[in-house]
Amino acid sequence: MAENQERAENKKLNNIINSSCYSNIITMQTRSQTTRAEFEVNIDFDEASRLWNSNKKKIKNGCYEYVCGKQLQNGEFCKKKTKNSPFCFVHKNKM
Ligand SMILES: [Zn+2]
């Protein structure tokens with residue numbers, strides 16, 4: 001009788017493990033990790049966006065034109081136009 005009860009308890013436990021409740025817990029953990037990952041991606045995106053904009057200047061119609069993009073001592077990027085070179089006339093000889 002007691003042995004049967006124990007077996008029944010084990011079966012119930014297995015059912016809980018295999019149930020959707022248990023997989024919901026896993027999903028919730030995965031989701032919170034995903035949220036954290038998205039947050040980190042946002043930070044990286046800001047940096048990537050800043051770097052992406054570093055050698056481009058926004059012009060009308062939402063277009064961009066390429067500029068020098070050499071990082072200056074003040075942390076800004078050189079916005080001088082380029083001509084047949086990745087950098088402006090000031091920086092192209094300094095690379
Ligand atoms: Zn420059």
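These are my notebook entries on a small set of things I looked up in this structure.

**Entry 1: what kind of model**
I began by reminding myself that this is a predicted model. Everything below is read from that prediction.

**Entry 2: the elements**
How many helices and strands does the protein have? I found two helices and two strands. Then I walked along the chain from the N terminus, and the order came out as α-α-β-β.

**Entry 3: burial and contacts**
Next I looked up how much of the protein counts as buried. The protein has 95 residues, and 3% of them are buried. I also checked contacts between residues with a separation of 6 or more. Residues 24 or more positions apart make up 0% of those contacts.

**Entry 4: the two strands**
Which way do strand 1 and strand 2 run relative to each other, parallel or antiparallel? They run antiparallel, and four bridges join them. I located strand 1 at 56-59 and strand 2 at 63-66. I then looked for bridge partners. K56 in strand 1 is partnered by Y66 in strand 2, and K58 has Y64 as its partner in strand 2. Together, strand 1 and strand 2 form a hairpin, with three residues between them. A friendly reminder to myself about strands: in a regular one, side chains alternate between the two faces of the sheet.

**Entry 5: the turn**
Which residue in the turn of the hairpin has a positive phi? My answer is N61, with a phi of about 65 degrees. I made a note of this value since N61 is not a glycine. N61 sits in the loop between strand 1 and strand 2. Is N61 buried or exposed? N61 counts as exposed because it has 5 C-beta neighbours inside 10 Å, and the cut-off for exposed is 12 or fewer.

**Entry 6: another positive phi**
I looked further along the chain and stopped at N84, in the segment after strand 2. What is the phi of N84? Its value is near 55 degrees, which is positive, and N84 is a residue other than glycine. N84 has 5 C-beta neighbours inside 10 Å, so I wrote it down as exposed.

Methods:
Residues are numbered from 1 along each chain as its sequence is written. This is a predicted model: local features need pLDDT of at least 70, side-chain atom pairs count only at pLDDT 80 or more; totals for chains, interfaces and linings use all residues. A residue is buried if 20 or more other C-beta atoms lie within 10 Å of its own, exposed if 12 or fewer, and partly exposed in between; C-beta atoms are placed from the backbone. Two residues are in contact if their C-beta atoms, placed from the backbone, lie within 7 Å. Two strands pair if DSSP finds at least two bridges between them.
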